[in-house]
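Colleague: I would like a close look at a single part of this model, taken slowly enough that I can follow it with the structure open beside me.

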Amino acid sequence: MPRGRFERKLVIGILALFVPPAAFAVGAVLFLRARGTLADPSVLAAVLLVGSLALLAYLAVTAAALGRVVIRSLRAVRQGAELIGTVNPDHRLQAHTGDEIEGLAEDINRLADRWAAARRALAEQEARANRALTAEHARLAAVLEHLDEGVLVVTGQGTIALANRAAGGLLGAGRPLLGRNVLELVPGEPLAGYLARVRAGQPVRVRTSLRGPDGPVEARISSLAPSARGADGLILALRGSEAAGSGGPAIRGMGLVSGVSVAEPGPERSLLYDFSHFEAVTKGLDAATRGQRLAETTFAVLDTETTGLSPRTGDRVVSIAVVLLDRGRVRAQEAFDALVNPQRPIPVSSQRFHGITDAMVAGAPRIAEVLSALARYVADAPVAGHEIAFDLEFLDAEARRTGLPSLADGRPILDTRLISHAIHGPGVSHSLEAVAERLGVTIQARHSALGDALATAEILARLLELASRRGIETLGDLLDAIRSRRPLG
């Protein structure tokens, strides 16, 4: 690319600022002088004043237009470089300015290609190094999942870092256990006392009876092996009665039996362990919801499929999926995923859209049962979605019809489309597909509730990372930024 092309553009732009108005002014003066108009001093002063104001207005408008072109190109390069360096390393810049800005974009793309090659080499080394560890994890998961006893590992603050399926049946109450505080499920003494002892560095090794959600639970409790900082937490081996943890015939794992119509089946094994909880101190949410820190908040990312586009004309929900985004991590294997019997035929046009047929929902639970399970799963988490007003309109209509409370009552609601607009402005598309492509998110099974919820959760995680780079740290900050409708960068 020839050097100096951008400089020539600037020179031409500056000349365009001054040459046309100067030529016009000279021509106007010569014309008025030929007619003798400028002989009167008052007329000359008026002409000079009007001419000066007109010249200033022309210069301002032309300079703003030239600056807007340059700034638009530079902003596109900066935003693209940010995407490469943060949430989407595979993004590449597209600058067709024919000057040094395009050359800068090409240089950034070459650096990104080298970075991608280095990442791939490092990933291959990590894969080789972690293969044996992954096998050990798989064996551990298989053993723990098939134990009749429930097994929990909790931090000294009570955060659940490991839970097998039996523990979920005893204590799950319809929602994933990982990341929750065990005292929410087994409140009061004696467990609170054992946690206090382990935080004080005292060993614990007892057999006791705990009060679980569905009745007494026998527990063997011991402290984890002490580390340099003292004992890290507790191991709980749980056993309940036959009735405890059965969950009822409609409940499977962490959600309802669904069989959502996607090309690939959803994962059947819930996430077994997450030891990252030992690396962070569990903090209670601030009493003011606006003060909740985004990096420490669990979001419930929701999507629905319906019989049509308007609940006002009788359209109903046929599928609901929710995926938890827990402190920036998508809990894909613990998704709430349910088909719903809408008690009315699904139009063929809608079946072609989302693939759900009347036969698929014939044995599915009705909306009241699903909404009750959904409320237990979501608990008090903020709810997010892409163009979520559509989903909430349907869920609110279903809640009113069944006499249940609205899911939106008393909680923050976030729309990833609006967050995307706040970060990247109006100059790009903010459809789900466009945002996913920009952020490097692959949408699996588009137009299924679970597929779209999983993609939206990944999108939200990356949007929150970009928001943090702009000083957006709390829910209040984010809601204010969305409400202002001004791009953040």
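In what order do the 5 strands of the open sheet stand, and what is the sense of their pairing?

Modeller: Please keep in mind throughout that this is a predicted model. The order across the open sheet is E2-E1-E5-E4-E3, and the pairing of its 5 strands is antiparallel. At the edges stand strand E2, residues 160-163, and strand E3, residues 205-212; each has a single partner strand, so one side of each is left without a neighbour in the sheet. From one strand to the next, the twist averages 25 degrees.

If you begin at the E3 edge, you will find that E3 runs antiparallel to strand E4, which covers residues 215-223, and that 8 bridges join the two. A hairpin of 2 residues makes the connection from E3 to E4, and two pairs can help you to find your way along these strands: Gly212 stands opposite Gly215 in E4, while Arg207 has Arg220 of E4 as its bridge partner. Moving on across the sheet, E4 pairs with E5 in the antiparallel sense over 7 bridges, and here Ser222 has Ile235, in E5, as its bridge partner.

The sheet also carries a helix: H6, made up of residues 191-199, packs on it and touches strand E1 (150-155), E3, E4 and strand E5 (233-240). The direction of H6 makes about 155 degrees with that of E5.

For orientation beyond the sheet, two other helices can be described in the same careful way. Helix H9, residues 367-378, has 12 residues, which at 1.5 Å a residue should span 16 Å, and its end C-alpha atoms are indeed 16 Å apart, so the expected and modelled spans agree. Its buried residues are Ile367, Val370, Leu371, Ala373, Leu374, Tyr377 and Val378; because these cover an arc of only 165 degrees around the axis, they lie on the same side of H9. After H9 comes Ala379, whose phi is positive, near 55 degrees.

The other helix is H11, residues 416-424, in which Ser420 has its place. Ser420 has a relative accessible area of 1%, and because buried means under 20%, Ser420 counts as buried. Its side chain makes a polar contact with the side chain of His430 at 2.7 Å, and also one with the side chain of Arg438 at 3.2 Å. When neighbours within four places in sequence are left aside, the residues in contact with Ser420 are Gly425, His430, Val435, Arg438 and Leu463.

Key. Residues are numbered from 1 along each chain as its sequence is written. This is a predicted model: local features need pLDDT of at least 70, side-chain atom pairs count only at pLDDT 80 or more; totals for chains, interfaces and linings use all residues. Side-chain values use heavy atoms; hydrogens and water are left out. Two strands pair if DSSP finds at least two bridges between them. Helices (H or I, at least four residues) and strands (E, at least two) are DSSP runs, numbered from the N terminus. Axes are lines fitted to C-alpha atoms, for helices over the stretch in contact, and angles run from 0 to 180 degrees between N-to-C directions. Contact means heavy atoms within 4.5 Å. The expected span of a helix is 1.5 Å times one less than its number of residues. Buried means under 20% relative accessible area, exposed over 50%, partly exposed in between (1.4 Å probe, protein chains only). The arc is that of the directions from the helix axis to the C-beta atoms. A polar contact is a pair of N or O atoms within 3.5 Å; within protein, one must be able to donate a hydrogen and the other to accept it, and residues adjacent in sequence count only if both atoms are side-chain atoms.
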